[in-house]
Amino acid sequence: MFRIITQRSATAAAASSQTHFGARLLSGLVQQTPAANAEGKFWKITLHRSTIGLPPRTRENARALGLKRRGHVVYRSITNEIAGQIVKLKEVVKVELVDKVEPLH
């Protein structure tokens, strides 16, 4: 009734050899960090999806970034710590690179 698979499939082996999506996202976010900081660029982080129903640690990461409600926007300088928090929230935030912080309306 049950079949035991002793060898990994070719697709599973190929998938494990690739880097994890979060690691690729993180490397893409901070790849140009020194140059971006020198130019005074910031990340515009928007909470695109609500944190209701998400694990407590994910909600805490959103609060640590300063995101309070859906559609809330915060601006953060480009650092590795902020990039790590963004990776934890990659499904619920939208990130843009901006030159300057827009004033509150």
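These exercises work through a predicted model of a protein chain.

**Exercise 1. Confidence**

Task: State how many of the residues score at least 70 in pLDDT, and locate a stretch below 50.

Solution.
- Step 1. Take the average. The protein chain has a mean pLDDT of 77.
- Step 2. Apply the threshold. A score of at least 70 is reached by 62% of the residues.
- Step 3. Find the weak stretch. Residues 5-21 have a pLDDT below 50. Beyond near neighbours in sequence, that stretch has four contacts in the model.

**Exercise 2. Elements and overall figures**

Task: Give the order of helices and strands, then describe the contacts and surface of the protein chain.

Solution.
- Step 1. Count the elements. There are five helices and three strands.
- Step 2. Order them. From the N terminus the run is α-α-α-β-α-β-α-β.
- Step 3. Look at contact range. Take the contacts with a separation of 6 or more: 76% of them join residues 24 or more positions apart.
- Step 4. Turn to the surface. The accessible surface is about 7900 Å², and carbon and sulfur atoms hold 55% of it.
- Step 5. Add burial. Of the 105 residues, 30% count as buried.

**Exercise 3. The largest nonpolar core**

Task: Which residues of the largest nonpolar core touch the most other members, and which elements supply at least two residues each?

Solution.
- Step 1. Name the hubs. The core has 15 residues, and Trp-43, Ile-45, Leu-67 and Val-93 touch the most other members.
- Step 2. Assign elements. Strand 1, helix 4 (56-65) and helix 5 (80-88) each give at least two residues to this core.
- Step 3. Recall the background. In soluble globular proteins, nonpolar side chains tend to be buried together.
- Step 4. Follow one hub. Setting aside neighbours within four places in sequence, Val-93 contacts Ile-45, Thr-46, Leu-47, His-48, Leu-67 and Ile-86.
- Step 5. Follow Ile-86 in turn. Ile-86 sits in helix 5. Its relative accessible area is 2%, so Ile-86 is buried.
- Step 6. Gauge the spacing. Ile-86 and Ile-45 are 41 residues apart along the chain, with C-alpha atoms 8.5 Å apart.

**Exercise 4. A threonine in helix 4**

Task: Is Thr-58 buried or exposed, and which residues does Thr-58 contact?

Solution.
- Step 1. Place the residue. Thr-58 belongs to helix 4.
- Step 2. Classify it. Buried means under 20%. Thr-58 has a relative accessible area of 18%, so Thr-58 is buried.
- Step 3. List the partners. Beyond neighbours within four places in sequence, Thr-58 contacts Lys-88 and Leu-89.

**Exercise 5. Salt bridges**

Task: How many salt bridges does the structure hold, and which parts does the Asp-99 pair tie together?

Solution.
- Step 1. Count. The structure holds three.
- Step 2. Take the Asp-99 pair. Asp-99 bridges to Lys-41, with the closest N and O atoms 3.2 Å apart. Asp-99 lies in the segment after strand 3 and Lys-41 in the loop between helix 3 (33-38) and strand 1, so the pair ties together parts 58 residues apart in sequence. Asp-99 is exposed, at 55% relative accessible area.
- Step 3. Take Lys-90 with Glu-91. Their closest N and O atoms are 3.7 Å apart. Lys-90 is partly exposed at 26%, while Glu-91 is exposed at 52%.
- Step 4. Take Glu-96 with Lys-94. This bridge spans 3.9 Å, N to O. Glu-96 is partly exposed at 31%, and Lys-94 is partly exposed at 43%.

**Exercise 6. Two lysines**

Task: Where do Lys-44 and Lys-94 lie, and what is the nearest side chain of opposite charge to Lys-44?

Solution.
- Step 1. Place both. Lys-44 is in strand 1 (residues 42-47). Lys-94 is in strand 3 (residues 93-98).
- Step 2. Check Lys-44 for a charge partner. Lys-44 is buried but has no salt bridge. Glu-102 is the nearest side chain of opposite charge, 4.4 Å away. The cut-off for a salt bridge is 4 Å.
- Step 3. List the surroundings of Lys-44. Beyond neighbours within four places in sequence, its contacts are Val-73, Val-74, Tyr-75, Lys-94, Val-95, Glu-96, Val-98 and Glu-102.
- Step 4. Turn to Lys-94. Not counting residues up to four places away in sequence, Lys-94 touches Lys-44, Ile-45, Thr-46 and His-48.
- Step 5. Add a distance. Lys-94 and Leu-47 are 47 residues apart in sequence, yet 6.5 Å apart from C-alpha to C-alpha.

Note on methods:
Residues numbered from 1 in each chain as written. Predicted model: local features only at pLDDT ≥ 70, side-chain atom pairs only at ≥ 80, totals over all residues. Heavy atoms only, no water. pLDDT = per-residue confidence, 0-100. Contact = heavy atoms within 4.5 Å. Helix = DSSP H or I, 4+ residues; strand = E, 2+ residues; numbered from the N terminus. Buried < 20%, exposed > 50% of the residue type's maximum accessible area, 1.4 Å probe, protein only. Lys, Arg positive; Asp, Glu negative; His and termini not counted. Areas by Shrake-Rupley, 256 points an atom, 1.4 Å probe, with all protein chains shown as cover. Core = buried A, V, L, I, M, F, W, Y, C linked by side-chain atoms within 4.5 Å.
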